[in-house]
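Please look over the sequence and the three-dimensional view below before reading on. The report is meant for a reader meeting this structure for the first time.

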Amino acid sequence: MNDPLVARMRAFGTTIFTEMSALAARTGAINLGQGFPDTDGPAAMLERAATAIREGANQYPPGPGVPDLRQAVSEHRKASYGLDYDPDGEILVTVGATEAIAASVLALCEPGDEVIAFEPYYDSYAAAIALAGAVLRPVTLRPVEGRFTFDPAELRAAVGPRTRAILVNSPHNPTGTVFTRAELDEIAELCRERDLVAVTDEVYEHLTFDGVEHIPLATLPGMRERTVMISSAGKTFSVTGWKTGWVCGPAPFVRAVQTVKQFLTFTASAPWQLAVAHGLRHEMEWVSRQRADLEAKRDRLTAGLAAAGFEVYRPAGTYFVQTDIRPLGFTDGLALARELPELAGVVAIPTQVFYAHPERGSHFVRFAFCKKEAVIDEAVARLSALSRRS
Ligand SMILES: *Cc1c(COP(=O)(O)O)cnc(C)c1O
């Protein structure tokens, strides 16, 4: 039988996370592949979800989201960034950032429109763009003095007459780069000049290190009116299984995204929304302790990977560290990732799967450090075997 899958989705087989997590389960290897924490979110927030279920928050909430969460998001945007979003019309709750991204691209891009994204990119971007019948124009991030960045001339050259939007993920998964004000200025200038919409994926907004500050693109001059800003509770509160995210933006954009979103899922689950409202109001201190804890874990894993012989790019944010495998004598990250459980009892993610040009990322492998210290230490001990192999 012919493949029943529509042609535009055929390039998107099983995601690398499914493949690598299955490999970890089959071999008993330590899973530093998929980015989910192995510890729980704030206890009172978890309790709030349980209470919400017991108290009957079990039917469809309003399409735009539970009013209490929209209000809490609005207050949180104001307190964190000085941005004003009206809870009625400028904020939409979604089923995680993933749905927010897909609904935004589907709502804003006509077939044939072009969307710029920095590669390596979060894998759902390419799929959402393909679903919309739009065209991905990748701009490559490359290491310059130890951190990944883009060439402003390449970014400019990627904009054409059909360019509709730019997807901006900072703090950036998988490279750990947090865009500087100068980098964001380049992006903002281009958006204003060429009348582009910015869709920003800010799921790691609170997870930055070394005092590096996350700057939302919407805070730059002339950008609030053309930015669809996406956040999620998953990474902020270590509840990746809750799939609760939100979109903030000017009313016409949010209305457009909601028009699509209502036919994908209509609304997001009620109990989590009530619990996340509690989180935004009462658990930001927990989040800052979490950030400090993650920073220490980042240091532990980066030191261990460097000692094991990897070239390490020290991340300024996120759950992930990017490495170059060539100092260890390897060249193909995909082949290494598939062999790594046998070589060292560890699972990692080959970064090349996040590129439109895989050859540009063939020698990079991503490791997650959102894991218990003992897990990181054991992984590091195992990986030290790599440089001793004959
Ligand atoms: C985890 C992640 C997401 C998905 O967030 P959900 O809220 O779980 O859908 C989106 N973008 C990036 C960069 C991520 O790392």
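What follows goes from the overall form to two groups of strands.

## Overall form

The structure shown is a predicted model, and the protein in it holds 13 helices and 15 strands. With 390 residues, a compact globule would be expected to have a radius of gyration near 21 Å, and because the protein has 21 Å, its value agrees with that expectation. Taken along the principal axes, the box filled by the C-alpha atoms is roughly 65 × 55 × 50 Å.

Buried residues make up 56% of the 390 residues. Among contacts with a separation of 6 or more, 75% are accounted for by residues 24 or more positions apart in the chain.

## Surface and charge

The protein exposes about 15600 Å², and carbon and sulfur atoms supply 52% of that area. It carries 39 positive and 47 negative charges, and the mean positions of these two sets lie 2 Å apart.

## Strand S10 and its partners

Strands of a sheet pair through backbone hydrogen bonds, in either a parallel or an antiparallel sense. Strand S10, which covers residues 245–248, pairs in the antiparallel sense with strand S2, residues 91–94, over four bridges. Within this pairing, Leu92 stands opposite Val247 of S10. Strand S9, residues 227–232, is also joined to S10 by four bridges, and these two strands likewise run antiparallel; here Ser231 has Trp246 of S10 as its bridge partner.

The residues of S10 point in two directions, with Gly245 and Val247 facing one way and Trp246 and Cys248 the other way, and all of them are buried. Val247, the residue opposite Leu92, and Trp246, the bridge partner of Ser231, therefore point opposite ways from the strand while both being buried, a threshold that is set at under 20% relative accessible area.

## An open sheet of four strands

Another group of four strands forms an open sheet in the order S11-S12-S15-S14, with antiparallel pairing. Strand S11 (311–313) and strand S14 (349–350) stand at the edges, and because each has a single partner strand, one side of each is left without a neighbour in the sheet.

Between these edges, in the order given, come S12 and S15. Strand S12, residues 320–324, is joined to strand S15, residues 364–368, by five bridges, and the two run antiparallel. One of the residue pairs in this arrangement is Asp324 with Phe364, its bridge partner in S15.

Conventions: Residues numbered from 1 in each chain as written. Predicted model: local features only at pLDDT ≥ 70, side-chain atom pairs only at ≥ 80, totals over all residues. Heavy atoms only, no water. Buried < 20%, exposed > 50% of the residue type's maximum accessible area, 1.4 Å probe, protein only. Pairing = 2+ DSSP bridges. Rg over C-alpha atoms; globule rule 2.2 N^0.38 Å. Contact = heavy atoms within 4.5 Å. Areas by Shrake-Rupley, 256 points an atom, 1.4 Å probe, with all protein chains shown as cover. Lys, Arg positive; Asp, Glu negative; His and termini not counted. Charge placed at Lys NZ, Arg CZ, Asp CG, Glu CD.
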